[in-house]
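Thank you all for making the time this morning. I would like to walk you through one model, going from a helix outwards to the charged pairs and the surface, so please have a look at it first.

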Amino acid sequence: MDGRRRNPYELTEETPVYVISVAAQLSGLHPQTLRQYDRLGLVSPDRTAGRGRRYSARDIDLLRQVQQLSQDEGINLAGIKRIIELENQVLALQSRVAEMESALDGAAAAMRQREAAVHASYRRDLVPYQEVQQTSALVVWRPKGRQSPD
C-alpha cells in the first residue's frame, strides 16, 4: 500500500461487490460455471458472512480470461489454473524486484552521503601519499659555501 489512509467506501478493482448472478452476466458465463471455477480454484471470489460469493472487477476479468483460454485457445482447466498460478507468481516476483531496487537505491544514496561526509572530514593540510618511482639517476648536492675541487 502507498501509506495513505484509504477511504473505506472507495471502490477498487479488488472490491468484491458483484453477486454471482451479476458476475455471470458480466462475464458471459452461466452461474454454475462460476461455481465450478470456484471449486477448482480458478477464480475464488470473496465470501460474505452468510457464505455468499462476491466477485470483484478483477474476478470478472479473470473469468473472461479463463473463458478465452478455454474456448479460443483450447486449453484445459488444469492448464488454465497453472497459467494463472504462474502469472500470479510473476506479479509477486516483479513486486519483490521493485522493492529490492528501491532498497538498493536507498542504500546507494546512504553510501554516497557517508562517503561525502568522510571526504568532508579530511584534513586539508595533509598531502596525500604518492608512490615515488625509483630511478637510477644520481643527484649530487653541494652546499653553497664550498667550492668544487674541479
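Let me begin with glycine 28, which follows helix 1 and has a positive phi, near 80°. When I speak of helices and strands, I mean DSSP runs numbered from the N terminus, with H or I over at least four residues for a helix and E over at least two for a strand. Before going further, I should say that this is a predicted model, in which local features need pLDDT of at least 70 and side-chain atom pairs count only at pLDDT 80 or more, while totals for chains, interfaces and linings use all residues. Residues are numbered from 1 along each chain as its sequence is written, and side-chain values use heavy atoms, with hydrogens and water left out.

A second positive phi, about 75°, belongs to arginine 51, although this residue is not a glycine. Arginine 51 sits in the loop between strand 1 and strand 2, and it is exposed, with a relative accessible area of 55%. Here buried means under 20% relative accessible area, exposed means over 50%, and partly exposed is what lies in between, with a 1.4 Å probe and protein chains only.

Coming back to helix 1, which of its residues are buried? They are Ile20, Ala23, Ala24 and Ser27. These four cover an arc of only 100° around the axis, which puts them on the same side of helix 1; the arc is that of the directions from the helix axis to the C-beta atoms. The general background is that an α-helix has 3.6 residues a turn, so residues three or four places apart point the same way. As for what covers the buried residues of helix 1, the cover includes helix 2, strand 2 (53-54) and helix 3 (57-71).

Two buried loop positions deserve a moment. Proline 45 lies in the loop between helix 2 (31-40) and strand 1 (46-47), and it is buried at a relative accessible area of 8%. If we leave aside its neighbours within four places in sequence, proline 45 is in contact, meaning heavy atoms within 4.5 Å, with Asp38, Arg53, Arg54, Tyr55 and Asp59. Serine 56, in turn, is in the loop between strand 2 and helix 3, and is buried with a relative accessible area of 4%. Leaving aside neighbours within four places in sequence, serine 56 is in contact with Glu13, Glu14, Thr15, Pro16 and Tyr18.

Two of those contacts of serine 56, Glu13 and Glu14, bring us to the charged pairs. A salt bridge here is a side-chain nitrogen of Lys or Arg within 4 Å of a carboxyl oxygen of Asp or Glu, and a search of the whole structure finds 7 of them. Glutamate 13 and arginine 58 meet through their side chains in a salt bridge at 2.2 Å, N to O. Since glutamate 13 lies in the segment before helix 1 and arginine 58 in helix 3, the pair ties together parts that are 45 residues apart in sequence. Arginine 58 also meets glutamate 14 in a salt bridge, at 2.8 Å, N to O, and this pair ties together parts that are 44 residues apart in sequence. Glu13, Glu14 and Arg58 are thus linked in a network of salt bridges. How accessible are its members? Glutamate 13 is partly exposed at 38% relative accessible area, glutamate 14 is partly exposed at 40%, and arginine 58 is partly exposed at 42%.

Another salt bridge joins aspartate 38 to arginine 47, with the closest N and O atoms 2.8 Å apart. Aspartate 38 counts as buried at 12% relative accessibility, whereas arginine 47 is partly exposed at 34%.

On the surface, Val19, Val22 and Leu26 make a nonpolar patch of about 180 Å². Valine 19 is found in the segment before helix 1 (20-27), and is partly exposed with a relative accessible area of 31%. Patches are made of residues with over 30% relative accessible area and no salt bridge, with like charges joined within 9 Å and nonpolar side chains (Val, Leu, Ile, Met, Phe, Trp, Tyr) within 5 Å; accessible areas come from the Shrake-Rupley method with a 1.4 Å probe, and for residues only the protein chains shown count as cover.

Finally, the record: an unreviewed UniProt entry carries the annotation "domain: HTH merR-type" over residues 17-86. Over residues 17-86 the chain is 61% helix and 6% strand, with the end C-alpha atoms 26 Å apart.

Technical notes
UniProt positions renumbered as here; feature names shortened; annotations may be inferred.
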